[in-house]
Structures are given as structure tokens and as C-alpha cells.
Amino acid sequence: MNIKSILIEKANAAMQAAGIPEGTNPAVTQSTRPQFGDYQINGAMGAAKALKTNPRELAQKIIDNLDVADLAEKTEIAGPGFINIHLKPEFLATSLEAANTDAKLGVAEHATPDKVVVDFSSPNLAKEMHVGHLRSTIIGDAVVRALEFRGDTVIRQNHMGDWGTQFGMLIAHLEDLLNQGVDLENVALADLESFYRDAKKRFDDEAGFADKARDYVVKLQGGDAHCQKLWQMFIDTSVKHSEEVYGKLNVTLTRDNIMAESAYNDRLAGVIELLKEKGIAVEDQGAQVVFLDELANKDGEPSVFIVQKSGGGFLYSTTDLAACDYRSNELDVDRILIFVDARQGLHFNQVEITARKAGLLKDKTSYEPSLFGTMMGNDGKPFKTRTGGTVKLSDLLDEAVSRATEKLADRASDLSDEARQEIARKVGIGAVKYADLSKHRTSDYIFNWDTMLSFEGATAPYLQYAYTRVRSIFRKANMDSASLTGRIQIQAPQEKALALKLLQLEEVLDLMISEATPHVLCSYLYELASLYMTFYEACPILKDDVAADVRESRLVLCNLVANSLKTGLDLLGIEVMEQM
């Protein structure tokens, strides 16, 4: 159930009945204070300005035509024309009772599901994943989970970088080692960083090596069997490393989701020919270039978008255009979501404009580069090791589990060592993920171990602990929460606040899905846990003097909170535990 959507529909009908033109924004929002109701319709002011009439009088006309008797106990005009809507406790109770017996907590699937490509993670192969890949991987995974929860068809695509000059360099280095008699099994492919560093040093310093590497790129792209055999060795090793990281991170990417740069190789020449035929790409200094007036600078100079090198080589731009064609015209998707670093914003702007001109993107396909900010160290610079090196993502996650183990060691527990280790894993990984996901996608943020592992404030450990606290109530009551089917009574203001928040999950997920912003779900879960604590303190549950029907009602609320926390954290890819 999405109460906001229901109210928008009813507000639109009322506004048209009041003589307001169709398409006017009803401006339905959640109220910020209980005295202003639970929701507000604020569109009367804007409509009155356009119609040159009194906003309070127009607000009254809207109320006169507003059909909300089934869900609201009171509507009222406030200030210059705000319409406050106070929901019926009976409506909230009935809705929650239905949610309690539903596997998806009352969250409906989309009536007309979208088909969506989600391009996320996308590490460069022949290197191990580093902290720079964290955001693309976990933000994309959270959005994918939410899309599928709402019933959309999702095509995961891991657009791994497995093509380009660096592979010619690596193949040339590997071949030289093999020619020197080094046994293949002894070549240190397992240490990809060291192997890459050695090859790069030769590329930069050794006469003739760079030319050989470039020649091998051409051979590789041309289908040379020898080069492709050596190239496949790097791919297999790199993918194995990535799979290990995805396992630690609890993300839903698998080997089957890989749609790497090389997958588009056969399409690249056709893309260039199409751009040339349509006059979109022109030759400039031997290269094929698209000049985009739409992105001209302040001096009126068009943006330059190179789609083919002067030597005939293809670029990321060519591959991304081919990907547009495949996703929009062949897969026929409604949306394309691409999770990329904010510094690539201009590139994807150029891709979309060029692709739409060429018909590589259909009008119906929404193209959504979902840009994200940078993880920063305490010095305000991109997160590095103490020596200034790149932090391997696998090492970061191992350290998170180690730090969580130390923090949990101070807490009294009768759990086995094995159970404590499993809890530490969930807490450590969850802490890293929530700390990142809880920040607005477009924002940079400071990485801080102490803050993210805290059991206080908006953190994964706090939410995981909140879940265990709710579940402990049922252990104390010696009952199975699944057996709860009682009626809900909403009497205390803390009960109403909690009930209203519980019914806003679908609303939050719709916002998260439409804007690709998991932080709204993070905020919702923290607010839900906080409201639960307030409810728990004000509304006794298991005390002897609590009437049986009231106890049953409050236990149902507890069950809904626990299931909402578990479901919400699972959508973020964060695991919970029954005890801590």
C-alpha cells in the first residue's frame, strides 16, 4: 500500500472537480508534525496563483470534492491553503492487519512492471577490486533488490573492463615470461596487482615493449587465437577474485551477469558506420568525432566526443553506444540504470545525446546514469592506505569483520564462538555497507570505522541490534510470532506514529526505485527503529496488567516492525541475526 499515491489520485480527482486544470500538481507530502495531520495536500496555493483566486477558498472547494471518508477521520485547512489530512486509526489498523499476513508486508507489485537493465559494479579486469568499486557494487545491488521486490523484471549487467591497451600490455608481458621458460603455473597471475605493476613498468620504460603491446591489442580485437588464449587466463583469474568479493559483500552478482566490454566487439564497426552514414560522426585529424552543440561551452564551442581513434581503434565511447543499441533495441527495456562515478557524468551525457540521434536508444527507453560521489579518508581526500596506495576491497572487508569481532568481544554473551564469529561477519560487512548506502548517492563521504561500527545512531549495528531486541520479546513470551493473527488497536499516539511509519514502506521503495537512492530506505529503517523504541517505552507489552487484546495488538505491531527491519535490511544486502 502506498498511501501517498492513493491521496495523489484522490487529490487530482478533487482538484479537477473544483475546476482546476488537469495536470496541476496536488503537492501531496507527509506532514512534519502530528498537529498538521498525517499528510498534506499543498497544491491549492500554486493552483490559486495560476487561476488568480483565493487559495483558502480553492482549498475548501478541493475538500468539498475530496473522497477520503474511507481513510481519513478529519480534513482541515491551515494557513494560506494547506489541507491537513488526519488518517483514521481504524484504516491504519486494518491495513496493518493485512500487511501482517502478507509475505511482502503489504507492498504490492507494480501493475505494469518495467523491464530494467541495471549496469553496476563494472570493475576493470586484470586488477583486484578496490574501494572505488564499493559504491557502484552495493548501491546498484540495493536498487536491483528493490526493483525485483516491487515486481519489475531486472537484467543485471556487470560491464567489466576486459578490453583495451592494458590487455595488450599484459599479454605481451605474459608471453615473454613463458618464452623465458617460466612454467605457466608459476606465473604469479594470482597476484594481479604485482603482475600489472611489472607489465606497466615495462610499458613505460622498455624500448619497443609499448609498440608490441599495442600490436597485441589489435591482434586481440581481430580475433587472434593465441592472444585470446592468453587474454582468457587474465579474465578467468580476475573474475574469480571478483566473485570472492561479491560473496563477502553479499551482493547478487554472479558470473552469468557479466556483459563485459568484449561482448560488444562485433557491434563496434557497425556503430561507427551508422554514425558516419547519418552524418553524426565526421572525420577530424584521422579520428571519427561527434561534435555536440547541445553541450557547447560558454564560448559556443561544441563538446568533442571521439568515437574512433585515428588508427582505427575503438574506445569506451564506442562500446557504450553499442551497449545502448543492445539494451534498447534488442532487449527492448524500459529503463537503463548505470551506476558510475560522478566524474563520468559528461561522458554519459555525450553517449545519450549521440545514441538518441542515431536511433541507438529508443524514445521509450529511459537512460539514467546514476552518478555517485567518492569515499574519502579523514584527510578529506580519496580513501587510501597509510602509504598512499589503493585499498583492496577484499582487505577492507576483512578488516571490517576483524574490528567487529573486537567490538563484540566486550559484550556479554552466552553464544558459541562459531555463532559470535558469524555475528561479527554480519555486523562488520553490514556496517561498511550501511555507512555507504545511508549517504545520498551523489555525495562524497568520510570513511570512519568508529562511527560505522557504533551501536548508537544511524548505523547497521544499531538496526541489527534493534531487530534482535524485537525478536527477544517473542522469546520472552515463549511464543511463535507467525501465529499472531489478532486485531490491532491504535490508541496511544506512539502506536499511531509507529503504525503510520510501518505503512510507508512501499512509498519509500517507490522513491528509492525512481531516483536510485538507497539512502531513503536507510533513513526509513532508522526512523522506524527509533519510533519502535519510543513505542516500547510508552506502551507496555508483556506486563501482567496489560489486557490480553491489547497485548496481542502490540505484539502484532512488534512482529511487523521486526519483519520490516529484516526486509528493509535485506533489500540493502545487510543480514540480520536473531541474537547478538
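Trainee: Let's start with C539: is this residue buried or exposed?
Mentor: Keep in mind that we're looking at a predicted model. Buried means under 20% relative accessible area. C539 has a relative accessibility of 1%, so the residue counts as buried.

Trainee: Why is there no bond between the sulfur of C539 and the closest cysteine sulfur?
Mentor: A disulfide needs the two sulfur atoms within 2.5 Å. The cysteine sulfur closest to that of C539 sits in C558. That is too far for a bond, because the gap is 9.7 Å.

Trainee: And how many disulfides turn up in the whole structure?
Mentor: C539 has no partner in reach, since even the sulfur of C558 is too far away. Searching the whole structure gives a disulfide count of 0.

Trainee: On to charges: which residue meets E506 in a salt bridge?
Mentor: E506 lies in helix 18, residues 505-515. Leaving out residues up to four places away in sequence, E506 touches M1, N2, G106, V107, A108 and R150. The side chain that pairs with E506 in a salt bridge, at 3.5 Å from N to O, is that of R150.

Trainee: How many residues apart in sequence are the parts that this E506 and R150 pair ties together?
Mentor: E506 and R150 meet in a salt bridge. R150 is in the loop between helix 5 and strand 6, while E506 is in helix 18, so the pair ties together parts whose separation in sequence is 356 residues.

Trainee: Are E506 and R150 buried or exposed?
Mentor: E506 has a relative accessible area of 7%, and the cut-off for buried is under 20%. R150 falls in that class too, so to speak: both residues are buried.

Trainee: What does the side chain of D436 make a polar contact with?
Mentor: D436 sits in helix 14, residues 417-437, and is buried at 0% relative accessible area. Beyond its neighbours within four places in sequence, its contacts are L134, R135, I138, I139 and Y445. The polar contact, at 2.9 Å, is with the side chain of R135.

Trainee: Which helix holds both K276 and E273?
Mentor: Their side chains meet in a salt bridge, 3.6 Å from N to O. K276 is partly exposed at 37%, and E273 is partly exposed at 40%. The two are 3 residues apart, about one turn, and both lie in helix 10.

Trainee: Last one: about how much accessible area does the nonpolar patch with F291 have together?
Mentor: F291 is in strand 8 and counts as partly exposed, at 35% relative accessibility. F291 joins V282, V304 and I306 in that surface patch, and together they have about 310 Å².

Terms used. Residues numbered from 1 in each chain as written. Predicted model: local features only at pLDDT ≥ 70, side-chain atom pairs only at ≥ 80, totals over all residues. Heavy atoms only, no water. Patch = residues over 30% accessible without salt bridge, like charges linked within 9 Å, V, L, I, M, F, W, Y side chains within 5 Å. Areas by Shrake-Rupley, 256 points an atom, 1.4 Å probe, with all protein chains shown as cover. Salt bridge = Lys/Arg side-chain N within 4 Å of Asp/Glu carboxyl O. Helix = DSSP H or I, 4+ residues; strand = E, 2+ residues; numbered from the N terminus. Buried < 20%, exposed > 50% of the residue type's maximum accessible area, 1.4 Å probe, protein only. Polar contact = N/O pair within 3.5 Å; in protein donor to acceptor, adjacent residues only side chain to side chain. Contact = heavy atoms within 4.5 Å.
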